[in-house]
Amino acid sequence: MPDMLTAAQVAAWLETHPDFFETREALLDQLDLPHPVHGHAVPIREYQLARLQQREQQSSAGLSSFCVGTRQDQGRQQRLRMLVLTLLEAESPDALGQQLAMHLAELFNSEATALWRPHCSSAPCYPPSHAANLVISQRFRSLLTDGPVQRLTLTTQQARLLLPGAPEGPARVLLMSLPLGAEDGWLLCLDTDRLDRSGFGFIGDITARLLTRMLS
């Protein structure tokens, strides 16, 4: 009894003889394969057509998802640019805090912001700016356990103290320490899906630079 060919041998032979079916159309019509979607047996020509349609749909879905992600990234970058340009126009630490709160709400849907900075008699604090004493600064340092920028949940008591104006109850926030020379400041806002950690860190870096210049 002759040795039986393996599937791998048949596949290898067909790969080296791609013209095998060109003169054997009747054989093609006799070959049935499971439909890639429905599962029932269909002629090989229908199978090939279904596979092409399936790949086209997958490619279209992937392209659509990529385009949506690209548009979202472009929108986020545009909002960050608008916010930074507005901050550059602030003429005082107090105005800087007000611009931050207003545009984080308008552009990123964050409904509460607090900018904590060292006390300065020549630059009084008005909400959303607040003067940070040693106790407040220590509370912030104890919360930042995973780098200078963090997403975390404040308890109701913590939110009342650190984020005035936040809705009652635990608050999911973005928090960043601001290096201001000898002392640190702190920026936090209610978390929002429009703003990621890197974007918030960028806003914090700009805020720290501007505050350092204003308070010097």
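## Exercises on a predicted model

T212 touches P179 and L180, leaving aside residues up to four places away in sequence; contact means heavy atoms within 4.5 Å. This is a predicted model: local features need pLDDT of at least 70, side-chain atom pairs count only at pLDDT 80 or more, and totals for chains, interfaces and linings use all residues. Residues are numbered from 1 along each chain as its sequence is written, and side-chain values use heavy atoms, with hydrogens and water left out.

### Exercise 1: the setting of T212

Task: Place T212 in its element, state its exposure and find the backbone oxygen that its side chain reaches.

Solution:
- Step 1. T212 lies in helix α7, residues 197–215. Helices (H or I, at least four residues) and strands (E, at least two) are DSSP runs, numbered from the N terminus.
- Step 2. The relative accessible area of T212 is 34%, so T212 is partly exposed. The scale: buried is under 20% relative accessible area, exposed over 50%, partly exposed in between (1.4 Å probe, protein chains only).
- Step 3. The side chain of T212 reaches the backbone oxygen of A208 at 2.8 Å.
- Step 4. Now look at P93. T212 and P93 are 119 residues apart in sequence, yet 9.4 Å apart in space, C-alpha to C-alpha.

### Exercise 2: the aromatic pairs

Task: Classify the two aromatic pairs of the structure and say which parts of the chain they link.

Solution:
- Step 1. Set the rule. A pair of aromatic rings is described by the distance of the centres and the angle of the planes. Rings of Phe, Tyr and Trp (its six-membered ring) pair if their centres lie within 6.5 Å; planes under 30 degrees apart count as stacked, over 60 as edge-to-face and the rest as tilted.
- Step 2. The structure holds two such pairs. Take W116 and F140: the centres are 6.1 Å apart and the planes stand at 65 degrees, so this pair is edge-to-face.
- Step 3. W116 sits in strand β3 (residues 113–118) and F140 in helix α5 (residues 134–143), so the pair ties together parts 24 residues apart in sequence.
- Step 4. Check burial. W116 is buried at a relative accessible area of 6%. F140 is buried too, at 0%.
- Step 5. Take F140 and W186: centres 5.1 Å apart, planes at 20 degrees, so this pair is stacked. F140 in helix α5 and W186 in strand β7 (residues 183–190) are 46 residues apart, and the pair links distant parts of the chain.
- Step 6. Combine. W116, F140 and W186 form one aromatic cluster.

### Exercise 3: the nonpolar cores

Task: Describe the largest nonpolar core, the elements that build it, and another core apart from it.

Solution:
- Step 1. A nonpolar core is a set of buried Ala, Val, Leu, Ile, Met, Phe, Trp, Tyr and Cys residues joined through side-chain atoms within 4.5 Å.
- Step 2. The largest core has 25 residues; L104, L178, L195, F200 and I203 have the most contacts inside it.
- Step 3. Two or more residues each come from α3 (44–88), α4 (93–108), β6 (171–180), β7 and α7. The largest share, six residues, is from α7.
- Step 4. Apart from this core lies another, of 20 residues, among them F140, A166, A171 and L190.

### Exercise 4: the whole chain

Task: Summarise the elements and the burial of the protein chain.

Solution:
- Step 1. The chain has seven helices and seven strands. Their order along the sequence is α-α-β-β-α-α-β-β-α-β-α-β-β-α.
- Step 2. Of the 216 residues, 36% are buried.

Note on methods. A polar contact is a pair of N or O atoms within 3.5 Å; within protein, one must be able to donate a hydrogen and the other to accept it, and residues adjacent in sequence count only if both atoms are side-chain atoms.
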